[in-house]
Amino acid sequence: MNNLNADVVVIGGGMGGVAAALAALRAGRRVILTEQYEWLGGQLTSQAVPMDEHTWVEQFGVTASYRELREGIRGYYRENYPLTAQARAERHLNPGAGLVSRLCAEPRVAVAVIDAMLAPYIGSSKLTIMRGVAPISAEVDDTIVTAVLVRDIVSQAETRLSAPYILDATELGDLLPLTGAEYVTGTESRGDTGEPSAPEHAAPDNVQAFSWCFVVDHQDGIDNTIEKPRDYDYWSAYQPEFWGAPIVSLTAPHPRTLEIVTRAFTPTIDDDPFERIADQRAGGGDDELWIFRRILSKKMFEAGHLESDVVMVNWPMIDYLDGNLIDSDDADAHLDASRQLSLSMFYWLQTEAPRPDGGKGWPGLRLRGDVTGTSDGLAQAPYIRESRRIVSEYRVVEGDLSIAVRGHGRPATFPDTVGVGMYRIDLHPSTGGDNYIDVASAPFEIPLGALIPVRLDNLLPAGKNVGTTHITNGAFRLHPVEWNIGESAGWLAAFCLDREVDPRTVRNTPQLLEEFQTLLTRHGVELHWPDVTGY
């Protein structure tokens, strides 16, 4: 067995994992970063989901390194793509002009920028990246995780990774059970959390749906219809009781009102990509699904560059509700079924979706596996919304964030803040049969206490596995917050190594906490919000 060691081991190369590794590296530490899939970047890349962000993202409310990533993506397009003069002049260039985000772009471009951000540390031998591996076990000595064993998914070769600090940046919090960390899954009870949106009884298997996303374009006059998916008959008839129609359709509940709404889907739409700006405060932007998560707008580029717009599909209609991936013996079956749901949705769009001319189906739709980096056209990985969550020194609950509960939308503050975030408490339908839960939220600070496990001393969460609840995870799960959590965890590990203290001591020693917060501020991690109001 191969043995590798470093100052910090980061398991999981998603948004939080990349940010954690980058922070520790910039602090001068040696890092091992592992990732199950080919691409680093998680929900932004291998899961193919464009950045989901708050209203003020172009002004404030994200870390400097996250802004570096965003501007790097824009710079990549300016340097390498034939943008129109108008697009090139856009200070806040949005290549897809999608309405979910002010920066909708191809996952492959985000991969290139992330790789470039990390490249100097590979050259200096400070960073070792292991792709195509997953954790299978851990070694623990009392409250210290001493090593993690990872296995190559193809060769089955095993490698033992050791470091003074181990960060769990996996999508599902995979290290928590392997290390014996105390953790929670699914819904907590209202009596436990005091949350008005929580159910009366806890349900560990009741988690938000995951989705297998895909990317499409449209070739007018060409029949690209795929073979009827194996499970099409099942999914085309599948209808949750609160849905108002079969799930494979253009109809679904409105996330904020729960009204049953039928969306438009028009691949031949001739819109002006400069006319509208994404603003989650005003609405979700999903009335026209072709524009909603569009990642390349044909009109942003010189004539002839694109045959059509390129659109990423992450819609309610591909939310998988039939089972849970966490601590489940049936996880592989659920993953396969989710892929069938997504392929069924695509086939329905090709053959049955209503057209403005009264006809049915858009046979010119084409799966773009070249955009997602796969042979079948789906994303490399499923889009995960909810993870295992550590039992932490401080648990963020609905009362900390909800405008209705707090009575105002001014920023939620914590004395141990290590960053900021903002997103509505946005929960997709769940495996337990719950409809959307969507609660107006205040801008919030990220408390260090949510990153400190109650018992283990050197294991840190670096993603969606922080100390939230099922409810508040809905505000913590998106790109900039996950990045900030990972970045703060990476800086914390390096700070603890420098000071020869543990994270718990940092949080509970006023002088050390102040020193750590000063370090974060110096490196561009915003700790407080200006005078803004949530939505």
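How close do the axes of helix 2 and helix 4 come, and at what angle do they cross? I shall answer that shortly, after a word on the basis of the values. This is a predicted model, in which local features need pLDDT of at least 70 and side-chain atom pairs count only at pLDDT 80 or more, while totals for chains, interfaces and linings use all residues. Residues are numbered from 1 along each chain as its sequence is written, and side-chain values use heavy atoms, with hydrogens and water left out.

Let me begin with the helices. Helices (H or I, at least four residues) and strands (E, at least two) are DSSP runs, numbered from the N terminus. The axes of helix 2 (residues 64-80) and helix 4 (residues 107-123) come within 9 Å and cross at roughly 125°. Here axes are lines fitted to C-alpha atoms, for helices over the stretch in contact, and angles run from 0 to 180 degrees between N-to-C directions. Helix 2 is therefore oblique to helix 4; under 35 degrees counts as roughly parallel, over 145 as roughly antiparallel, 65 to 115 as roughly perpendicular and the rest as oblique. The crossing of these two helices is right-handed, that is, the near helix is turned clockwise from the far one by less than a right angle.

Which residues make this contact? Helix 2 contributes Ser65, Glu68, Leu69, Gly72, Ile73, Tyr76 and Tyr77, and helix 4 contributes Val109, Ala110, Ala112, Val113, Ile114 and Met117. Contact means heavy atoms within 4.5 Å. By class, 10 of these residues are nonpolar, 2 polar and 1 charged. In this scheme Ala, Val, Leu, Ile, Met, Phe, Trp, Tyr, Cys and Pro count as nonpolar, Asp, Glu, Lys and Arg as charged, and the others, Gly among them, as polar.

Helix 2 also packs with helix 1 (residues 15-26), at an angle of about 115° and with the axes 11 Å apart. That crossing is right-handed. Met15, Leu22 and Arg26 of helix 1 meet Ser65, Tyr66, Glu68 and Leu69 of helix 2. The residues of this contact comprise 4 nonpolar, 1 polar and 2 charged.

I turn now to the sheets. One open sheet has 4 strands in the order 1-7-6-5, with mixed pairing; two strands pair if DSSP finds at least two bridges between them. Strand 1 (2-5) and strand 5 (133-141) are its edges, each pairing on one side only. Direction ignored, neighbouring strands of this sheet are turned by 25° against each other on average.

Strand 5 runs antiparallel to strand 6 (residues 144-152), joined to it by 8 bridges. Within that pair, Ala138 stands opposite Val148 and Asp141 opposite Ile144. The hairpin of strand 5 and strand 6 has 2 residues between the strands, and Asp142 there takes a positive phi near 60°.

Strand 6 pairs in turn with strand 7 (residues 158-162), in the antiparallel sense over 5 bridges. Val150 stands opposite Thr159 in strand 7. In this second hairpin, with 5 residues between the strands, Gln156 has a positive phi near 70°.

Another open sheet, also of 4 strands, follows the order 14-15-11-17 with antiparallel pairing. Its edge strands, each paired on one side only, are strand 14 (294-296) and strand 17 (365-367). The twist averages 35° from one strand to the next. Helix 9 (residues 331-351) packs on this sheet, touching strand 11 and strand 17, and its direction makes about 155° with that of strand 17. Strand 11 (residues 214-218) and strand 17 run antiparallel and are joined by 3 bridges. Asp217 has Arg366 in strand 17 as its bridge partner.

Finally, three loop residues. Most residues other than glycine have a negative phi. Ala48, in the loop between strand 3 (31-35) and helix 2, has a positive phi near 70°. Is Ala48 buried or exposed? Ala48 is buried, with a relative accessible area of 3%; buried means under 20%, exposed over 50% and partly exposed in between, using a 1.4 Å probe and protein chains only.

Leu258, in the loop between strand 12 (251-253) and strand 13 (260-262), has a positive phi near 65°. Leu258 is partly exposed, at 37% relative accessible area. Asn435 lies in the loop between strand 20 (425-427) and strand 21 (437-439) and is buried, at 17%. Leaving aside neighbours within four places in sequence, Asn435 is in contact with Phe242, Pro253, Leu258, His428 and Pro429.
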